[in-house]
Amino acid sequence: MKVGVPTEVKLDEYRVALTPAGVRELVDAGHQVFVQSGAGVGSSITDDAYAAQGATVLPDAGAVFGEAELIVKVKEPQPLEVSLLEPRHTLFTYLHLAADPELTHGLMASGATCIAYETVEDARGRLPLLAPMSEVAGKIATQAGAFMLEKPLGGRGILLGGVPGVAAANVMVIGGGVVGMQAAFIALGMEATVYVFDRNIDRLRELDIAFGGRADTCFASTLSIEERLPDMDLVIGAVLVHGARAPRVITRAQLGLMKPQAVLVDVSIDQGGCFETSRPTTHSDPTYEVDGITHYCVTNMPGAVPITSTYALTNATMPYVLHLASAGVRGAIAENPGLRLGVNVASGNVTYEPVAVATDVECVDVDVALAGVGV
Ligand SMILES: NC(=O)c1ccc[n+]([C@@H]2O[C@H](COP(=O)([O-])OP(=O)(O)OC[C@H]3O[C@@H](n4cnc5c(N)ncnc54)[C@H](O)[C@@H]3O)[C@@H](O)[C@H]2O)c1
């Protein structure tokens, strides 16, 4: 199969979807790889490094989309990329469609088969292609929150870990999944006082063991969150309901319970945000204020550390890329039911139920949608 790797064009996005190691695996398996010139520069990977492993380097995105059948990306396609998609293409990338009806309709209109990293599941129902980026985002969330708490940046002016004789800051993490656990570990490492809220009791049990008593685990209810909010300096939102729009866990009215200049970090912003007052921001302008509370809502947090993120992401995606290239979409999803759950859009239809519900379109069975498609 012909595999294409365009340069990411989302603002402040420096990751790339394939490394030279990935090119080598694909080429050794008999596939052709087309990489856009400069695609790896943000992650310190040169065109020559790709070419040395057998990739053909092409000058622009149009040339890559023109040659390739399987397009491998990092972030959701931007309008120019959507316009380059055709029914013969399979797109494999993060999509987050539940929060983006416009993109959903654009991908439907393209006729392409679109597989979302974030809804692929493993045999235990976990999200293997979201997890590495969630690990990165969780660690950044606490780092960014600690920074934004500094007075010159509009924060309360409190040091996360305190010092001998002065109490540490209080950190609330809502959603104790992959993001939440990493955010909590960094907050503990910085010696903050940490509370992790989740609705899944089994998950709270796992966290309790992992933290060894160093953080409090709390069942997440409206009241339990409300009772703790007045003491919090930093709140990190990291909830997820697979594939669906993020549930709202803090309302605008509840901001009034918080200390002035406290900080909210909404990691769930890529699924629409879990605070009522959240709206997407970028690395170059990451925060804004509502009712005296700083909001940090960057949608591509791992893009800030591409040298870590590119390798973490591609370590996880590579086996799936290889499988798709070797078996085709229909063959690969027949052999891997978890990959089948990644197919969000095919031949003009939405094929993933939570996206269909969130964007108010009919959900069509994947096999039915792929019946007439040569993928
Ligand atoms: N902004 C970014 O750059 C970025 C990067 C990576 C991941 N994310 C996002 O972070 C979010 C979390 O990802 P994850 O991998 O940690 O997911 P996860 O599935 O591992 O964890 C989510 C947790 O939220 C809990 N939860 C669900 N509803 C809840 C509620 N109402 N109250 C409390 N807890 C609730 C679940 O029980 C689960 O433990 C996702 O939306 C993901 O897309 C964003």
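## Overall size and make-up

With 375 residues, a compact globule would be expected to have a radius of gyration near 21 Å, and this chain agrees, because its own value is 21 Å. That radius is taken over C-alpha atoms, and the globule rule is 2.2 Å times the number of residues to the power 0.38. Keep in mind that this is a predicted model, where local features need pLDDT of at least 70, side-chain atom pairs count only at pLDDT 80 or more, and totals for chains, interfaces and linings use all residues. Residues are numbered from 1 along each chain as its sequence is written, and side-chain values use heavy atoms, with hydrogens and water left out.

Taken along the principal axes, the C-alpha atoms fill a box of roughly 65 × 45 × 35 Å. Along the chain you'll find 14 helices and 15 strands; helices (H or I, at least four residues) and strands (E, at least two) are DSSP runs numbered from the N terminus.

## Inside and outside

Buried residues make up 56% of the 375. Here, buried means under 20% relative accessible area, exposed means over 50%, and partly exposed is in between (1.4 Å probe, protein chains only). The chain exposes about 14900 Å², with carbon and sulfur atoms supplying 54% of that; the areas come from the Shrake-Rupley method with a 1.4 Å probe, and for residues only the protein chains shown count as cover.

As for charge, there are 24 positive and 42 negative side chains, and the centres of the two sets lie 4 Å apart. Lys and Arg count as positive and Asp and Glu as negative, while His and the chain ends are not counted. Each charge is placed at NZ of Lys, CZ of Arg, CG of Asp or CD of Glu.

## The nonpolar cores

A nonpolar core is a set of buried Ala, Val, Leu, Ile, Met, Phe, Trp, Tyr and Cys residues joined through side-chain atoms within 4.5 Å. The largest one here has 78 residues, and F92, I236, V265, M301 and L339 have the most contacts inside it. Helix 11 (residues 306-335) gives the most to this core, with ten residues. A second, separate core has 25 residues, including L229, V249, L264 and C297.

Take a look at M301: not counting residues up to four places away in sequence, M301 touches A137, I140, A141, V265, V267, H283 and Y296. Contact means heavy atoms within 4.5 Å. Across the chain, 65% of the contacts between residues at least 6 apart in sequence join residues at least 24 apart.

## A buried strand residue

T93 sits in strand 5 (residues 90-93) and counts as buried, because its relative accessible area is 0%. Leaving aside neighbours within four places in sequence, T93 is in contact with K73, V74, K75, E76, P77, I115, A116, Y117 and E118. The C-alpha atoms of T93 and L129 are separated by 9.5 Å, with their positions 36 residues apart along the chain.

## Three loop residues

Most residues other than glycine have a negative phi. E191, though, has a positive phi, near 70°. E191 is in the loop between helix 7 (178-189) and strand 8 (193-198), and counts as exposed because its relative accessibility is 58%. S347 also has a positive phi, near 40°. You'll find S347 in the loop between strand 14 (343-346) and strand 15 (349-350); at 28% relative accessibility, S347 is partly exposed.

V241 lies in the loop between strand 10 (234-237) and helix 10 (252-255). With a relative accessible area of 45%, V241 is partly exposed. V241 and V350 are 109 residues apart in sequence and 18 Å apart in space, C-alpha to C-alpha.
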